[in-house]
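Student: I would like a close look at a single part of this model, the packing of its helices. Please go through it step by step, with the residues involved.

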Amino acid sequence: MTNMIELRQVSKSYGQGDAEVHALHKASLAAIEGEMVAVMGPSGSGKSTLLTIAGTLEEPTTGEVLIAGQSVKDMSKAKKAQLRRRTIGYVFQDFNLLPGLTAAENVSLPLELDGTSARRARVVALKALDGLGLGNRAGHYPDQLSGGERQRVAIARAMVGERKIVLADEPSGALDSANSEAIMRLLHSACKDTGMTTMVVTHDAQLASWADRVIFIRDGRITDQTTPLAGPESLLVKAASTNPELDR
Amino acid sequence: MSVRHAMLALLSEGPKYGLRLREEFEAQTGEIWPLNVGQVYTTLQRLERDGLVESDGDSDSDGPQKAYRITEAGAKELDTWLRTPPDLSAPPRDELVMKVLVALKVPGADVAEIIQAHRRYLVELMQQWTHIKEDGDPADLNSGLAIDAELFRLDSVVRWLDAADARIRRAKADAESPFANRATPAGDSPNDERPVPNGPWPLPRLRGNSRQEVRTTQR
């Protein structure tokens, strides 16, 4: 299996001297094709910095980032921008949709920026929206959509063009539990069905529990990760051995 | 989990045989609380003894040929039970809370690491439940509700661990601050800097309540 995202001993500092802040300290991790990884930690633990560095939006102070096996260290700005347009999609807590564009236009925009014709981009965008149950919302502007719908548009925009990687920062932070579940279900099934790799950063255990693996971060250091327990059915077996209390 | 009241609820739909009651109970609880046949008949016998259900058929037998129906007293008992909130007024004896509080007193114990070990285990359990939910039939309402209840319960424990972690760090930072008004001489063990109050938390006393015991690390 290919490592689609790989961080090798990545550190990130801001400021200098006494004002220097270490946001990340020698963080190493990898996510393979089709895997959903969650990075879980409290506010200020460095998880969002980790995501922006993994997404090549920021450069590490030291260490190396590899996307689909390719180091981005010596890549030109243009090449990195192309990598971001074609390979990596981003989902943010506050959706980041452009308010003056319809749902379809928001989704087709990254394709058009990458040189796809407007007509072709629209066809692909409509298909992507349809796949997420938003076929009838394509002509709506963001302020005409519910929070859950806006985030699904943002996911369609992140995935459109068969991107291999989606990076999500608290993707359901602004949503209620039913919409959160819908968003995570959607992202996880996309990983399984299309081989897309997703990295989600969150402080929320319920959201993280959708991931195949949860990596814990604290003070800019990766401290721990989950290991798959026995198959999920083991919980049902366990429940079966715990008899309900009999009332007398 | 009150099997007794679940049986009354199932019988409120109409008379049923014991075996069918067992099947329906498991279906209603998303097969998370399976029952054996013995439990079903023991519960039914007690309900009959208390006048909450009546049976047809051979009175000496508890076999599958015996049908049960709810009595008026049983319907009233069920209604009262549904409307009565469970007693949540007293904090349960929570093993995990105890462990964290005790860890604060153990010299050299890395409390953050201990908290993380519990956090990881809880998240692993949540991953399993989420996968069961994901693979399940979305139309299975009972299963979805039962799994959500378990996920929210585990999530609340993770949130408590997160809050405890932050509170302990803050307390330690305050104690180490040069502006702190220290009551103890410098050089004490960091674990002794914030003594744990006599009770496990600032409530008058931790009261035992076996009915409400919450198991956070083991089912």
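Tutor: What follows goes through the helix packing, beginning with one chain as a whole and ending with the other chain.

The model is predicted, and the values below are computed from it. Chain A contains eight helices and 10 strands. The C-alpha trace of chain A extends over about 70 × 55 × 35 Å along its principal axes. Its radius of gyration is 20 Å, which agrees with the value near 18 Å that a compact globule of 248 residues would have. Of the 248 residues in chain A, 43% are buried. Contacts that link distant parts of the sequence can be put as a share: of the contacts in chain A between residues at least 6 apart in sequence, 69% are between residues at least 24 apart.

Helix 3 of chain A is a suitable place to start. This helix covers residues 103-113, and its buried residues are Ala103(A), Ala104(A), Asn106(A), Val107(A), Ser108(A), Pro110(A) and Leu111(A). Those buried residues pack against three other helices of chain A, namely helix 2 (77-86), helix 4 (118-131) and helix 5 (147-159). After helix 3 of chain A comes Gly115(A), which has a positive phi, near 105°.

One residue of this helix can be followed further. Asn106(A) is part of helix 3 of chain A. It has 26 other C-beta atoms within 10 Å and is therefore buried, since the cut-off for a buried residue is 20 or more. Leaving out residues up to four places away in sequence, Asn106(A) touches Leu97(A), Leu98(A), Leu101(A), Val153(A) and Arg157(A). Another residue to place relative to Asn106(A) is Ala156(A): the two are 50 residues apart in sequence, and their C-alpha atoms are 9.2 Å apart in space.

Asp130(A) gives a second reading, from helix 4 of chain A. With 14 other C-beta atoms within 10 Å, Asp130(A) is partly exposed. Its C-alpha atom is separated by 30 Å from that of Ala205(A), and the two residues are 75 apart along the chain.

Helix 5 of chain A, one of the partners of helix 3, also has a contact with helix 6 of chain A. Helix 6 of chain A spans residues 177-194, and the axes of helices 5 and 6 come within 10 Å and cross at roughly 15°. The two helices are therefore roughly parallel to each other, as angles under 35 degrees count as such. The crossing of helix 5 of chain A with helix 6 of chain A is right-handed. On the helix 5 side, the contact is made by Gly147(A), Gly148(A), Gln151(A), Ile155(A) and Met159(A). On the helix 6 side, Asn179(A), Ala182(A), Ile183(A), Leu186(A), Leu187(A) and Ala190(A) take part. By class, the residues of this contact are seven nonpolar, four polar and no charged.

Chain B has helix pairs that can be read in the same way. Helix 1 of chain B (residues 3-11) packs with helix 2 of chain B (residues 18-28) at an angle of about 105°, the axes being 10 Å apart. That angle makes helix 1 of chain B roughly perpendicular to helix 2 of chain B. Helix 1 of chain B contributes Ala6(B), Met7(B) and Leu10(B) to the contact, while helix 2 of chain B contributes Leu21(B), Glu24(B), Phe25(B) and Gln28(B). Five of these residues are nonpolar, one is polar and one is charged.

Further along chain B, helix 6 (residues 111-135) packs with helix 7 (residues 141-176) at an angle of about 160°, with the axes 10 Å apart. Helix 6 of chain B is therefore roughly antiparallel to helix 7 of chain B. The contact between helix 6 of chain B and helix 7 of chain B has 17 nonpolar, three polar and five charged residues. The crossing of these two helices of chain B is left-handed.

Leu161(B) belongs to helix 7 of chain B. It counts as buried because it has 21 C-beta neighbours inside 10 Å. Apart from neighbours within four places in sequence, Leu161(B) is in contact with Ile115(B), His118(B) and Arg119(B). For Arg119(B), the C-alpha separation from Leu161(B) is 6.9 Å, with their positions 42 residues apart along the chain.

Key
Residues are numbered from 1 along each chain as its sequence is written. Chains are lettered from A and ligands numbered from 1 in the order in which they are written. This is a predicted model: local features need pLDDT of at least 70, side-chain atom pairs count only at pLDDT 80 or more; totals for chains, interfaces and linings use all residues. Helices (H or I, at least four residues) and strands (E, at least two) are DSSP runs, numbered from the N terminus. The radius of gyration is taken over C-alpha atoms; the globule rule is 2.2 Å times the number of residues to the power 0.38. A residue is buried if 20 or more other C-beta atoms lie within 10 Å of its own, exposed if 12 or fewer, and partly exposed in between; C-beta atoms are placed from the backbone. Two residues are in contact if their C-beta atoms, placed from the backbone, lie within 7 Å. Axes are lines fitted to C-alpha atoms, for helices over the stretch in contact, and angles run from 0 to 180 degrees between N-to-C directions. Angles under 35 degrees count as roughly parallel, over 145 as roughly antiparallel, 65 to 115 as roughly perpendicular and the rest as oblique. A crossing is left-handed if the near helix is turned anticlockwise from the far one by less than a right angle, and right-handed if clockwise. Ala, Val, Leu, Ile, Met, Phe, Trp, Tyr, Cys and Pro count as nonpolar, Asp, Glu, Lys and Arg as charged, and the others, Gly among them, as polar.
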